Structure formats: structure tokens, C-alpha cells
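Visitor: Could you choose a single part of this structure and take me through it slowly, explaining each term when it comes up? I am in my first year, so please add how that part sits in the whole.

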Amino acid sequence: MKPAHFLGLGNLPLGTRAKVSGVAGGHGVVRRLEAMGIRPGVIVEKISGQPFGGPVVVQVGRARVAVGFGMAQKVMVEPMIAEEPA
Amino acid sequence: MRLIMVGHPNVGKSALFNRLTGARVVVSNYPGTTVEFTRGVMRLVGRRVEVLDFPGTYSLDSSCKAEEVVLAGLEEMAPDDVLLNVVDSTNLERNLGLTLQLLSLRRPMLVALNFWDEAQHTGVSIDAPALEQRLGVPCVPVVAVAGLGIRTLVERIRESRPSTYLLNGRCRWEAVGEIVREVQTLRHRHHTWRERLGDASLQPFTGAAIAVVVLGGSMAVVHWVGEGLIEGVCEPLFVRMWTPAVLWLSTHWGNEGWLHDVLIGTLTGGEINYGESFGLLTTGLYVPLAVILPYVFAFYSVLAVLEDSGYLPRLAVLADRLMHTVGLHGMGVIPMLLGMGCNVPGALSCRIMESERERFIASALLAIGVPCMAQTAMIVGLAGRYPLALPIIFGSLVIIWFALGLLMNRFLPGESPEILVDVPPYRRPRVRSLAKKVGMHLTWYLREAVPFVLLGVLLANLLYHLGVIAFAGRLAAPVVGGVLGLPAESVGGLLIGLLRKDLAVGMLAPLDLPFRQTVVACVVLVLYFPCVATLPVLLKELGSRQMLLAAAIMIGTALAAGGILNLALWATVG
């Protein structure tokens, strides 16, 4: 079994789907992200990332949300890897 | 009883409000169009019911000014008030978080499921009766912009009731997940070209290319339409229809007298010079109606398309990194863009910025460095005869805007929050909505701005005749002449600029200034102080202490930038 690895949403490769495992931030950030649909257990897909630490756009459900890079890095995600045949 | 509309940003509350009340409220496709309460009245079984459209809020935990406005409003609810929760059906899960919070207030409530058509087109189907049963309040599918489902919604207002929904110890999002699993089915479908384009405009390279095309194209269209209307319609109309009437009146009065001076002004060789005669009936009408109105029309038509299509949040994402250098995040482009039409709505829209620091920076940058369309049109008219003047004027403004932003970001205490914004799908702008919006802006301009232009012309005449302008000119000569290199007569323009900046630019026309003075005067007129319409809005939004600071920055910047520009031009072109 492959060990789960976590990374910041900002480092998620483009076009990759990932499961949000947690938000490493204060109460305010957690709640604001939650209100936009980004909360633990949710699947996100990275749509775009701007260079030089610009915002990251992810698809959450049917919505697209732009998140500043610093805030995105607080969102820990677990990339979903296509199941390999046994 | 009042009907109180609450929902996430950009779910169509204002569109629904317009449908319910017949009012005309600005509707766009980006979060944060409505930053204040809007009040209206609708008829409900013969009764007049007040309808309140609240600014959009993602939750009932306040995290920005707009959300605080909503919370304060909810606390003031009367027992018989009804909550109308507007929900974006294409994003049911996220929206229900707020819905459950509202239900827990135990107020009479109903839910409007907006964008019902779009949800179906994108493969989202919602079992509205099941949702209604789950939540315990009426849930009505609607398409606000098209007016579908409105009648049913209105009929069911009286069925609204406090919900008995209980979380039963589950966390809110668990409960939401459960409801969504039960009432919503998603059908997979392929991406449409509109979605592909929407995502392409978010990528670094394709996005930048699209931004250049969109913004460059917008500027070109505004200029082309504006000039086209001036040369093709407005000017010929004035010359053919209006000139004979004014000349007849002039002859009737024997070409002289104080009434002649005020209404018609000075004729050059028996002819009206609409730019320079400076009478109420000549320059006073020509400037607002034939020079500015075409540009105002062109600008708001283009802006309306940008707003309704959903392009602006994408521009905000692309510009985010750059805007952080001036202490704002990407959404700061919205007050700046709106301010290019008129600084008043621009200053109001600074509320979409979360922190006080950002609101101050945005307001200051807007009031100092962003000329409104009226002023821009006049600058193009005045300075356009020197080929290099326009690039230098607007180039200087861009540099000053950035420099000032960098300084404020460096020296104001605190940090700017990061962008967190919903990027709505591209939507086809509806011609009706566009026409209504442009019509509203034009009415506002004709009703609020034109009287001030006329007042300005009257005041300019009065001050000139009373010798006030000459006196102020002598008084200010050391600064205006010494630092800025402008003639004493230009002080009249600087005085009237406190009232209307477009007119101030117009007052420079009779002075026939050479290249250097034209450039410096135009730049200083943009920078030095907000006009009389913008000042009270800034004062209200910023408070007197911050406004004082902003005013000091403005005057300081105007003198410094004007002085440097004067020296630089003197050194290079002489």
C-alpha cells in the first residue's frame, strides 16, 4: 500500500484531483474556506495556478474558486492517484 | 411585514429583487455587486410589502463589511418579517450551508432556487419537493433574469414558516451532505466551449493574451464609438440645429449685455466656439451633451458587457499578483474599472475589499490616479492635438498610481488579506439587462452631472467677473507658476475642478496652453482633489481622519508629480 502524502493546495499539479485533508490555519481562515466549499473530505481539482505566488483556482463541486497562494498552502490535500492494477 | 432577501454573493438576489419590485438595481456577474441594502416595494395580495435586498454573504459569521451589514440587518428583524433565501441551484451544496444557518434563526422563511435552467443544462437536477420536505420551508425553482417561477414564488410567500429542522448533533456540513445526497442527482457531461474559454482565461499565458485582447479591444471600442458619436451625431446636431437658434438669440440681444455673457458667452468673430465661448447655452450644454455623453455611453456599454459576462473575476485572478504590490488583492481591479466611468460608484465598490487598510488604499488610488470618463473625454479633446501628450498624460498617471500604491503598501501598517473569490461561469449577457444598465448610468449622468456642469459654467463666469479668479491666480502664482510652470489664469480651472473636473479641463481650452503646460495641467487636475460628487462618498466611506490623510496625499502627490513632470518635460522638450 502506498503511504498517503499530503501537500499544500498550491503545490498540487495542474489538472490533478485531490481530497482535502485539513486546513492548517486559524479559525477565520477555516471558516472562510469552508463557506466557499473547501473543507476536509471534499474533492478539489486544480484548474490553474498563476506564477510568482499568484492565486490558485480549484474546482469544488461545480464551482470554481480562486484562492490566494498563501491561503492555498494552508489547505492540505492528498492527491488522488489512479488505481494501479494489482 | 417585510421580505428580506439573503443569499451568497452572485446568486442573483438583485435580479430577483428587480423582478419582485419592478425596481432597477444594478445586476452583474461577479460577487459583490450589491454592497448596501437596497429597499423596494412589491404588492402582495393588495398589500404593499417592503423588500430588502441584502448584500451577498457566504455565512453568518462576519468576515467582511458586507457580511457585517447583513448580520446587523438580521438582528433588526421584526417578528412578522419573512426571510427569502436565494440559492444558486448549480451550487446547492455550498449554498445550503448558509440556508441551514438561516433556518436556525427560526424565522418565517422560504427558499428561491435560482439559476434553475442553468442547473439543468449543466446536468444538475434537484428534487425541489424533497428538499422542501427536508428543510420544512417552501422551496421554489426560479430563473430570475428570465422571470420564470416568480409568480409561484410570490404566491408561496404566505406559506413561509419557521423551520423545525434540527441538526441533531451533526455538524452543519454533515447535514448538508446528507440533504444533497438525497435531493440532488448529477449527470456527467462534457465541457462546453464556454467552460473551456472560461478556464483558458484563468491560465497564465492564454489568460494574459485574452486579457490584452479584451482590455485593448474595450479601449479601442470606447474610443471608436465615442469619437464616432461626437463627429457623426452630436457635433452635426449642435452645429445644424442649435447654432442658428443661439445666434438668433445673440442678435436679438444685440450681441452684448450680462445676460448675453452668462447664457451665450463670448463669440469669436460673430461665431460660437463651443469649446471656448463659455456660456450656459453654448459650452455649458455642448460639453456635457456632445463631448462627454458619447464617451459615457460608450464606456458603460462596454463595461456592462464585461460585468455581465463574468470576465471581471477572471481579470481579478490574473491581476492578483500585480495588485498585491500596491497592497490590494485582485478584486481591487473592480473599483478601479468602475471608477473609470465615475469615481462615485468606484468609491462605493471599495467595500468589496475585506480590510480597512485595503479600502483606504483602494479609495486613495482611485480618487488620485483614476480619471473618470467625463474627465478622460475632455483630456482627449484638449490634449489630443499634441501627438505625444495623451501617452505622456496617461502613462504618467499609471506610473503615479503604481508608485503611490507601492509607497502606501510599504508604509501603512498591517498586511493585505489574500484573494478568496468565486469565479462564476461565463454567462451570455442579456441585451435587456445591458440596455437597462446603460440607461441607468445615462439617466444618472444627465440628472446628477449635467446640472453641476451648468452650475460650474455659471460659477466660473461669476468668479471671473467678480475678479476672484484673477485674485486667486495672483495668490497662487508662486506655487502654480513656480512649481508647476502653469500660467496664473489656469487657477480658475483648478478652482472649478473642485466642482467638476471635466469642466476644469474645458476651462483650459481658451488659454491655448503649449504642450508642456497642457500635459502638466491635465495630470495635476486628475490628481489634486476629488470632485464635489466623490468627496462626500469618500468622507462617508473613510471617515474624516482617513479622508484628511487621503487629501494630504492627494495634494502632496499633485504638487510633487506636477513639479517633476514640469521639470522633466522642460529638460527634454523645452
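Guide: What follows is a walk along one sheet, strand by strand, and then into the chain at its far end.

A word on the source comes before the walk. Residues are counted from 1 along each chain as its sequence is written, while chains are lettered from A and ligands numbered from 1 in the order in which they are written. The model is a predicted one, in which local features need pLDDT of at least 70 and side-chain atom pairs count only at pLDDT 80 or more, whereas totals for chains, interfaces and linings use all residues.

The part to look at is an open sheet of 7 strands, whose order is E1(A)-E6(A)-E2(A)-E3(A)-E4(A)-E5(A)-E9(B), with antiparallel pairing. Strands here are DSSP runs of type E with at least two residues, helices are runs of H or I with at least four, and both are numbered from the N terminus; two strands count as paired if DSSP finds at least two bridges between them. Strand E1 (7–8) of chain A and E9 of chain B stand at the edges with a single partner strand each, so one side of each has no neighbour in the sheet. As general background, the side chains of a regular strand alternate between the two faces of the sheet.

Within the sheet, strand E2 (residues 17–23) of chain A pairs with E3(A) in the antiparallel sense through 3 bridges, and Lys19(A) stands opposite Ile43(A) of E3(A). The loop between helix H1 (27–35) and E3 of chain A holds Pro40(A). Leaving out residues up to four places away in sequence, Pro40(A) touches Val20(A), Ser21(A) and Gly22(A), where contact means that the C-beta atoms of two residues, placed from the backbone, lie within 7 Å. Pro40(A) has 15 C-beta neighbours inside 10 Å and therefore counts as partly exposed; a residue is buried with 20 or more other C-beta atoms within 10 Å of its own, exposed with 12 or fewer, and partly exposed in between.

Strand E3 (residues 43–49) of chain A runs antiparallel to E4(A), joined by 5 bridges, and Gly49(A) faces Val56(A) of E4(A) across the pair. These two strands make a hairpin with 6 residues between them, and Phe52(A) in the turn has a positive phi of about 55°. Of the 5 residues of strand E4 (residues 56–60) of chain A, 4 are buried, so this strand is largely enclosed by the rest of the structure. On its other pairing, E4(A) is joined by 5 bridges to strand E5 (residues 63–67) of chain A, again antiparallel, with Gln59(A) opposite Arg64(A) of E5(A). The hairpin of E4(A) and E5(A) has 2 residues between the strands, and Gly61(A) takes a positive phi near 60° there.

At E5(A) the sheet passes from one chain to the other: E5(A) and E9(B) pair in the antiparallel sense over 4 bridges, and Arg64(A), met above, has Val423(B) in E9(B) as its bridge partner. Counting the contacts between the chains, 28 residues of chain B meet 26 residues of chain A. On the chain B side, helix H3 (92–103), helix H12 (311–324) and strand E9 (420–423) each supply at least two residues. That side divides into 11 nonpolar, 9 polar and 8 charged residues, where Ala, Val, Leu, Ile, Met, Phe, Trp, Tyr, Cys and Pro count as nonpolar, Asp, Glu, Lys and Arg as charged, and the others, Gly among them, as polar.

To see what the sheet joins, turn to chain B. This chain has 24 helices and 9 strands, its C-alpha trace spans about 85 × 55 × 45 Å along the principal axes, and 47% of its 574 residues count as buried. It is assigned domain 1 (2–186) and domain 2 (205–421 + 433–572), bounds that come from an automatic or database domain assignment. The C-alpha centres of these two domains of chain B lie 40 Å apart, and their contact takes 13 residues from domain 1 and 16 residues from domain 2.
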